[in-house]
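Colleague: Please take me through this model one feature at a time, giving the general idea before each case.

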Amino acid sequence: MKKLLYIAPHLSTGGLPQYLCKKIELLRNDFDIYLVEWADVTGGVLVVTRNKIVQLVDPKKFFTLGDDKHELINIINRVKPDIIHLEEIPEFFMDSEIAKQIYIQDRKYSIVETSHDSSYDTTQKQFFPDKFMFVSNWQIQQYKDIDIPQVVVYYPIEYVERPSRNEALLNLGLDPSKKHILHVGLYTSRKNQAEFFEYAKALPEYQFHSLGNRADNFKWYWEPLAKDTPPNLTWWNERSDVDKFYQAMDLFLFTSKGTNNDKETMPLVIREAISHQIPVLIYNLPVYLNYWDDFKGVSYLEFNNFEQNCQLIQSKLSDKFSINLEEEAFVVSTYPNQHSIEETTIECIKSLKQTGRQVILTTHYPASKELQDMVDYYIYDKNNILTKHTFYGYTWFDYGSWKIDLMLTGEDNDIYHGPSVYTNYYNAASLAKELGIKKLYYLNYDYILKDSSYIDYVSSILDKKQSYVGVKQEKEGDTAITYFLATSPKFYLDNFPLIKTPSEYDQLMRDWGSESNGLENLTYHRLQQFKEKIHWEQEDTFLSLIKENFTHKDFSRVEYFSVVEVKDYPEQFAIFLSIANSTDNRNINISVFEDNSILSEETLEITSKVSWFIQVFYDIEKTYTIKYKSYDRYNGNLIEEKQIIVDKEYATNQLPLNGYLTLL
């Protein structure tokens, strides 16, 4: 086996060491490889590529020169190589005196030179190898007047199958709903990261990622950039897992230009990006000799045309060029029985209209003319179907000094609006199919869209799947998150039948094998029957995406009003009210009458979540009437009223079934 001695000017992370690393990797079974590192300039930091090389070369055959560079001659004499391969021309890094000893006329070894430079004045060449092994055709032209055999050996393009984009991004802790743009390279004026930073500033809707070390000798270049980094740009420093970024990113944007005196050569990062089948945008530099023209996925930036380049980036990334917005619509489900809900619904609709998609409003409560005029289509279904929840019959509240155990079956606190939401969804799908709409995005009215790129992301998924659904584990079992759900209207109608009564809705639980009649549980079990056609977004990812892309005003509409026993105080009952809305704007008046005389009256100003109770001393022989009235604080309109009558029969038979208050 012939002895091959490589001499490298340095092994600090960059194109030269990476090219050498690949050669060693490919040749180490065919040659007895030795390596001399002229100088260790990594500073103990820029070591990613050097570490790879150290793993490939026998440590007894790996040498790093110190101040005495003449040690190189001693190494050559001991090794007695058949081939000495300089990874850069000696004029660039080697002492002339030492080079003369290596390039002696009667040498017993062959010398091969590689260069990673495109700017050298070859008329100044002093030392001549037996062969040139170049990295680009430009170098062949550059050295054409030197009558020595020359060959181009390109860094290999090794096509890698791209993994799931979602998984690749999540593995890096990145948001799949965003578009991600990559630049890889040492921070230097040639690599031109400054322009990459400018694109990030001009295109805040995208996430920009810069990989590359910031060496101290280039601090004059990168320090101003570090001080002016836009919020949508992340610098990842030098990485040993660059392949993970190539696999995950949506675009490789390489802004390198160089100058007449500092030209690019054949950047390995372009070849690596092509290997990972990521779209590429580069400048078509003269040194490339149009080499990249025939590579699918490679496009060229325009010199001195920043605005045009921004449009090129957008055209590479934006799914809107393949999205027919006329065939997509949002479905906003709301119940606008008070001003604050109407205002939130308006805010929701405005955010959705900005995407260019149609909006269908569905309600079981008459919407105002203002709401109707805002949307493209409005469906009002006066048949507001309600049922009783089959799973949730109990809840509790613990506030330290008091605790409530509440049975929801008492005073109809288990009334469930699942069927009404179901029919809202069905009605919208039915209309959408008639209108020729192909993609529907169901959304609860209290979610305000912040970033439409998430919807574009879901739209791209619906090109391949019938539905996009978030999954969540609840007490009754697995559920499909329904406050945001995307689907094909035809698929929805084919598999979710029309229901007109509570019993028809409850029958779905038995038909589909769900643990409860909860809409989310029902929907999950129905879609599981077509699981290969569904894109399932797991809970952590889904909730993260929703938080990132929506503002949630949180009208949960979960409200309990009841009377309960007071534990250890048989002469009392307690009136209990709980409201779970984070946003609200009501006055709730609660009055208590003993026979026909008023005992107490209190008006609660409800602007957010509330848990409240009042204790009432009572005589079981008397009748107590509790009146609840809810008013809109904006206009004073009565929203809802309830009444509970506690008499002897109620106190004996029903009150114990409602739950109890414990004073701690």
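Colleague: Let me begin with a single pair of residues: which residue in β3 stands opposite Val-36?

Modeller: Phe-63 in β3 stands opposite Val-36. Two strands are said to pair if DSSP finds at least two bridges between them, and here 3 bridges join β2 (residues 32-37) to β3, the two strands running parallel. Strands themselves are DSSP runs (E, at least two residues), as are helices (H or I, at least four), and both are numbered from the N terminus. Please keep in mind that this is a predicted model, in which local features need pLDDT of at least 70 and side-chain atom pairs count only at pLDDT 80 or more, while totals for chains, interfaces and linings use all residues. Residues are numbered from 1 along each chain as its sequence is written, and side-chain values use heavy atoms, with hydrogens and water left out.

Colleague: In what order do the strands of the open sheet of 7 strands follow one another?

Modeller: The order is β3-β2-β1-β4-β5-β6-β7, and the pairing is parallel. The edges are taken by β3 (62-64) and β7 (150-152), each of which has a single partner strand, so one side of each is left without a neighbour in the sheet. From one strand to the next, the twist averages 20°, where axes are lines fitted to C-alpha atoms (for helices, over the stretch in contact) and angles run from 0 to 180 degrees between N-to-C directions.

Colleague: Which strands does helix α1 lie across?

Modeller: Contact means heavy atoms within 4.5 Å, and helix α1 (residues 15-27) lies across β1 (3-8), β2, β4 (83-86) and β6 (131-134), running at about 170° to β1. Helix α2 (residues 48-56), for its part, lies across β2 and β3, and its direction makes about 140° with that of β3.

Colleague: How should I read the sheet of 6 strands, and what is its pairing?

Modeller: This open sheet has the order β18-β19-β34-β27-β28-β31, and its pairing is mixed. At its edges stand β18 and β31 (610-617), each with a single partner, so one side of each has no neighbour in the sheet. Neighbouring strands are turned against each other by 25° on average, direction ignored. The mixed pairing can be followed strand by strand: β19 (residues 402-407) and β34 (residues 659-663) pair in the antiparallel sense over 5 bridges, with Thr-662 in β34 as the bridge partner of Lys-403. Helix α20 (residues 648-658) packs on this sheet, touching β19, β27 (559-566), β28 (572-579) and β34, and its direction makes about 120° with that of β27.

Colleague: In which sense does β27 pair with β34, and in which sense with β28?

Modeller: With β34 the pairing of β27 is parallel, over 2 bridges, and Glu-565 has Tyr-660 in β34 as its bridge partner. With β28 it is antiparallel, over 7 bridges, and there Tyr-560 has Ser-578 in β28 as its bridge partner.

Colleague: Is Asp-568, in the loop between those last two strands, buried or exposed?

Modeller: Buried means under 20% relative accessible area and exposed over 50%, with partly exposed in between (1.4 Å probe, protein chains only). Asp-568 therefore counts as exposed, at 69% relative accessibility, whereas β27 is mostly covered, with 7 of its 8 residues buried. The hairpin of β27 and β28 has 5 residues between the strands, and in it Asp-568 takes a positive phi near 75°, although this residue is not a glycine. Asn-290 likewise is a residue other than glycine with a positive phi, near 60°; it lies in the loop between β12 (280-282) and β13 (298-300) and is partly exposed, with a relative accessible area of 44%.

Colleague: How many salt bridges does the count come to?

Modeller: The count comes to 36, a salt bridge being a side-chain nitrogen of Lys or Arg within 4 Å of a carboxyl oxygen of Asp or Glu. One of them joins Lys-191 to Glu-264, with the closest N and O atoms 2.6 Å apart. Lys-191 lies in the loop between β8 (180-184) and α7 (193-202), and Glu-264 in the loop between β11 (251-254) and α10 (268-275), so the pair ties together parts that are 73 residues apart in sequence. Both Lys-191 and Glu-264 are buried.

Colleague: What separates Lys-490 from Asp-494 in helix α16?

Modeller: They are 4 residues apart in helix α16 (residues 489-495), which means a separation of about one helical turn, and their salt bridge has its closest N and O atoms 2.8 Å apart. Lys-490 is partly exposed at 48% relative accessibility, and Asp-494 is partly exposed at 45%. Finally, Glu-328, Arg-357, Lys-439, Asp-456 and Asp-463 are linked in a network of salt bridges.
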